[in-house]
Amino acid sequence: MMIMKIRKFTRLPRNLKLLLSETFFTLFVSQVTLMLLPVEKALKKSSQRDVGDADCKNIELTEIRWALYNAGNIWFRKSRCLVQCIAGKRMLARRGIDSQIFMGVRHSDEKRIVAHAWLLAGDFEVVEKGEDYLELAKF
């Protein structure tokens, strides 16, 4: 299983290998930040980057979404949507692309409350919203 993933990684183009490596590192930093700081402070810290007026290219957003999804599937923590959002926001800010993290809740089929976070860059869902969540906060 792991050997197949390593083979897939070695067959990727150089730019995607670098993007995946950056994503793993940023996911790690984001996870540590969430472990050390309260969620609100971690979200504000991820928003304190200089964002320029860079041309928001759809292909770049698609590649970052791909990297977050694939690296997130290997990630070892359960609450991965928030970690992916913080990592994605940092990666986009490094490229001068503005984005916002949304947090929401919905009722599950078992009458439990389910929380979720998603990341938007303009109208593009970098970390997907998925189902119909009631928006509670925006960072």
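**Exercise 1.** In this predicted model, find the acidic partner that R95 pairs with at 2.7 Å, and work out which parts of the chain the pair ties together.

*Solution.* Start at the R95 side chain and look for a carboxyl oxygen within 4 Å of a nitrogen. E22 fits: its closest N and O atoms with R95 are 2.7 Å apart, a salt bridge. Now place the two residues. R95 sits in the loop between α5 (80-94) and β1 (100-107), while E22 belongs to helix α2 (residues 14-36), so the contact links parts 73 residues apart in sequence. Last, check the surface: R95 has 24% relative accessibility, so call it partly exposed.

**Exercise 2.** Which residue of helix α4 (residues 58-74) also pairs with R95?

*Solution.* Go along α4 and you'll hit E60. Its side chain meets R95 in a salt bridge at 3.4 Å, N to O. Because E60 is in the helix and R95 in the loop between α5 and β1, parts 35 residues apart in sequence get tied together. E60 is partly exposed, at 23% relative accessible area.

**Exercise 3.** Where do E128 and R65 lie, and how far apart in sequence are the parts they tie together?

*Solution.* First the distance: the closest N and O atoms of this salt bridge are 3.6 Å apart. E128 is in the loop between β3 (124-127) and β4 (134-138) and R65 is in helix α4, so the parts joined are 63 residues apart in sequence. Both ends are partly exposed, E128 with 47% relative accessible area and R65 with 26%. Stepping back, shared partners join E22, E60, R94 and R95 into one salt-bridge network.

Terms used:
Residues numbered from 1 in each chain as written. Predicted model: local features only at pLDDT ≥ 70, side-chain atom pairs only at ≥ 80, totals over all residues. Heavy atoms only, no water. Helix = DSSP H or I, 4+ residues; strand = E, 2+ residues; numbered from the N terminus. Buried < 20%, exposed > 50% of the residue type's maximum accessible area, 1.4 Å probe, protein only.
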